[in-house]
Amino acid sequence: MIYEGDFSSPAGRFALVAARFNAVIVEQLTVGALDALKRHGVAEDRIDIVKVPGSFEIPVVAQKLGKSGKYAAVICLGCVIRGDTDHYDHVAGSATSGIANAGLAAGIPVIFGVLTCDTLEQAVHRAGAKAGNKGFEAAVCAVEMVNLMKKLPG
Ligand code: INI
């Protein structure tokens, strides 16, 4: 038996957790995620958006929403851009492991849509320019994972 999620319209509510830091980028990721959900049949009244100060704050909120039992999936959106110090490594590392842990703790798909870039230009390219829109991709991933989780035994 092979289990695989499909891209049919998923049931349930979706939460987006979006960081305000690097808002110019994260707003475009949010636009992409909403577009993908809408095109997969998830109406806006089934989507909640929670804004947090920065990517570092995403995991605790994602975990709380995930554990609430109200959502089929949580999509985390942020953008961490490398600076002159090692601050980037701490924020990006905490956001990455924290989001992974939130998914494990909640038992629902908690999707990693946080850009970790060396430059603002790289981020622009991943937020709707040359390299697609990672927010859109994160939402498509959420749809697949919600449909997969529904099929899995147990
Ligand atoms: N938060 C980001 O989302 N992206 C960044 O690039 C960033 N940098 O570079 O500092 C950033 N910092 C803020 C951080 O997420 C927290 O909000 C802050 O440290 C308070 O906990």
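What follows looks at the overall fold of a predicted model, then at its last helix and a buried histidine.

The protein chain holds five helices and six strands. Read in sequence order, these run β-α-β-α-β-α-β-α-β-β-α. For 154 residues, a compact globule would come out with a radius of gyration near 15 Å, and the chain's own 15 Å agrees with that. The C-alpha trace spans about 50 × 30 × 30 Å along its principal axes. Of the 154 residues, 44% are buried. Contacts reach well along the sequence: of those with a separation of 6 or more, 80% join residues 24 or more positions apart. The surface exposed by the chain adds up to about 8000 Å², with 56% of that supplied by carbon and sulfur atoms.

Helix α5 takes up residues 134–151. Its 18 residues reach 26 Å from first C-alpha to last, close to the 26 Å expected at 1.5 Å a residue. At the start of the helix, a side-chain oxygen of Asn133 comes to within 2.8 Å of the backbone nitrogen of Gly135. Gly135 is itself one of the buried residues of α5, as are Ala138, Ala139, Val140, Ala142, Val143, Val146, Asn147 and Leu148. The cover over these residues includes α1 along with strands β1 (13–19), β3 (71–81), β4 (110–117) and β6 (132–133).

Then there is His40, which sits in the loop between α1 (23–39) and β2 (47–52). Despite the loop position, His40 counts as buried because its relative accessible area is 15%, under the 20% cut-off. Leaving out residues up to four places away in sequence, His40 touches Phe7, Ser9 and Pro10, plus Val140 and Val143. Those two valines are among the buried residues of α5.

Key
Residues numbered from 1 in each chain as written. Predicted model: local features only at pLDDT ≥ 70, side-chain atom pairs only at ≥ 80, totals over all residues. Heavy atoms only, no water. Helix = DSSP H or I, 4+ residues; strand = E, 2+ residues; numbered from the N terminus. Buried < 20%, exposed > 50% of the residue type's maximum accessible area, 1.4 Å probe, protein only. Contact = heavy atoms within 4.5 Å. Expected span 1.5 Å × (residues − 1). Polar contact = N/O pair within 3.5 Å; in protein donor to acceptor, adjacent residues only side chain to side chain. Rg over C-alpha atoms; globule rule 2.2 N^0.38 Å. Areas by Shrake-Rupley, 256 points an atom, 1.4 Å probe, with all protein chains shown as cover.
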